[in-house]
Amino acid sequence: MVNAARPSRADYYKVLADTLPANALVVTSLGNASYLWAAMHHAPENFYIEDAMGLALPLALGLAIAQPARPVVVVEGDGAVLMHLGALVTVGAVAPDNLTVLLIQNGVHAASGGQALTNAALDLAELARSTGIARATNVATPQAFASAIGSAPAGRGAQVLVLSTEPDVEVVRPPIALDPVLTKHRFMAAIGAPRYIPTMFGGGRLESE
C-alpha cells in the first residue's frame, strides 16, 4: 500500500540491477520507468516501451511464454495496470513461472504530468491475488524488495511485487535515444528472434523461412 515515507524508483532499481540474473529479459513501461532503467542498467536484453501506456505487461507475458527458459521482469505503473486490468487477469490465468511483475505504486500518472489516480491507495497486491496470482506482495522498502525477489520458489506461477514508491515526475535523461525501431531490432538480436518480413498485401514471413 502507499505509505508516507516512500523510497524512490532508483532505490528499487539499484536492488534489481544487483539481483538480476544474467539471462533475464526486462520490459519497462513508458517514461522514467524506461529512462531511469536505461541510465542505470542499459543492456540489449531491455525492451523500453515508448508512448504505449499499459502495454508493457502484455508484451512481457508474451515473452515469458515464448522464452520459458529465461526470467522475464516487467516494470509497470499503477495507473497503467488499472487502464488494462485484462492483462493482469490474463497473467493470473496463464500463470507463467518465469514472469516477475514489478508494479510501481506512486499514486499518480507520472508519465503524463503527475495527475493523481482515482484510487491511489488501492491494494494492488490484493487485486492481483483476486485474479489468481497467489504470489502477490506489497513491498515498502528496498530491503524487503531484495528479500522478496530473491526468495521466490519456482513453479508457482507469476510473481507480482507492488513497490510503494515516491512519484518521480521530473523526466530523467536516458543515455541513449530510445527509438522504438532500434529498441525492437536490438532486442530481437539479443534473444535470437528472426526478423519478420511483411508483404505488400498482408501476411508475411520470417527471415529464416
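These numbered points go through some helices, ring pairs and contacts in a predicted model.

1. Start with helix α5, which spans residues 85-94. Four of its residues, A87, L88, V91 and G92, are buried. They lie on the same side of α5, because they cover an arc of only 145° around the axis. To see this in the structure, look along the helix and follow these four residues.

2. What lies over the buried residues of α5? The cover includes the helices α3 (56-66), α4 (78-83) and α6 (124-130), together with β4 (99-105). Just after α5 comes A95, and this residue takes a positive phi of about 55°.

3. Helix α7, residues 142-150, can be read in the same manner. Its buried residues are P142, F145, A148 and I149. They cover an arc of only 120° around the axis, so they sit on the same side of α7. Q143 and G150 are on the other side of α7, and both are exposed.

4. Which elements do the buried residues of α7 pack against? They pack against helix α1 and against β4, β7 (135-139) and β8 (159-164). The element β4 has already appeared, as part of what covers the buried residues of α5.

5. The packing of α1 with α7 can be described further. Their axes come within 9 Å and cross at roughly 30°. An angle under 35 degrees counts as roughly parallel, and α1 and α7 are therefore roughly parallel to each other. The crossing of the two helices α1 and α7 is right-handed. On the α1 side the contact is made by D11, Y12, V15, L16 and T19. On the α7 side it is made by P142, F145, A146 and I149. Of these, P142, F145 and I149 are also listed among the buried residues of α7.

6. Next, the aromatic rings. A pair of aromatic rings is described by the distance of the centres and the angle of the planes. How many aromatic pairs are counted? The count comes to 3. One of them is formed by Y13 and W37, with 5.1 Å centre to centre and 70° between the planes. This pair is edge-to-face. Y13 belongs to helix α1 (residues 9-19) and W37 to helix α2 (residues 32-41), so the pair ties together parts that are 24 residues apart in sequence.

7. Are Y13 and W37 buried or exposed? Y13 has 2% relative accessibility and so counts as buried. W37 is also buried, because its relative accessible area is 0%. For both residues the cut-off is that buried means under 20% relative accessible area.

8. Another aromatic pair is that of F47 and F187. This pair is edge-to-face, at 5.4 Å centre to centre and 90° between the planes. F47 is in strand β2 (residues 46-48) and F187 is in helix α8 (residues 180-191), so the pair ties together parts that are 140 residues apart in sequence. Both F47 and F187 are buried.

9. Finally, consider P44, in the loop between α2 and β2. With 36% relative accessibility, P44 counts as partly exposed, because that class lies between the 20% limit for buried and the 50% limit for exposed. Leaving out residues up to four places away in sequence, P44 touches R186, F187 and A190. The residue F187 is thus named twice, in this contact list and in the ring pair with F47. P44 and K184 are 140 residues apart in sequence, but 9.6 Å apart in space, C-alpha to C-alpha.

Note on methods: Residues are numbered from 1 along each chain as its sequence is written. This is a predicted model: local features need pLDDT of at least 70, side-chain atom pairs count only at pLDDT 80 or more; totals for chains, interfaces and linings use all residues. Side-chain values use heavy atoms; hydrogens and water are left out. Buried means under 20% relative accessible area, exposed over 50%, partly exposed in between (1.4 Å probe, protein chains only). The arc is that of the directions from the helix axis to the C-beta atoms. Contact means heavy atoms within 4.5 Å. Rings of Phe, Tyr and Trp (its six-membered ring) pair if their centres lie within 6.5 Å; planes under 30 degrees apart count as stacked, over 60 as edge-to-face and the rest as tilted. Axes are lines fitted to C-alpha atoms, for helices over the stretch in contact, and angles run from 0 to 180 degrees between N-to-C directions. Angles under 35 degrees count as roughly parallel, over 145 as roughly antiparallel, 65 to 115 as roughly perpendicular and the rest as oblique. A crossing is left-handed if the near helix is turned anticlockwise from the far one by less than a right angle, and right-handed if clockwise.
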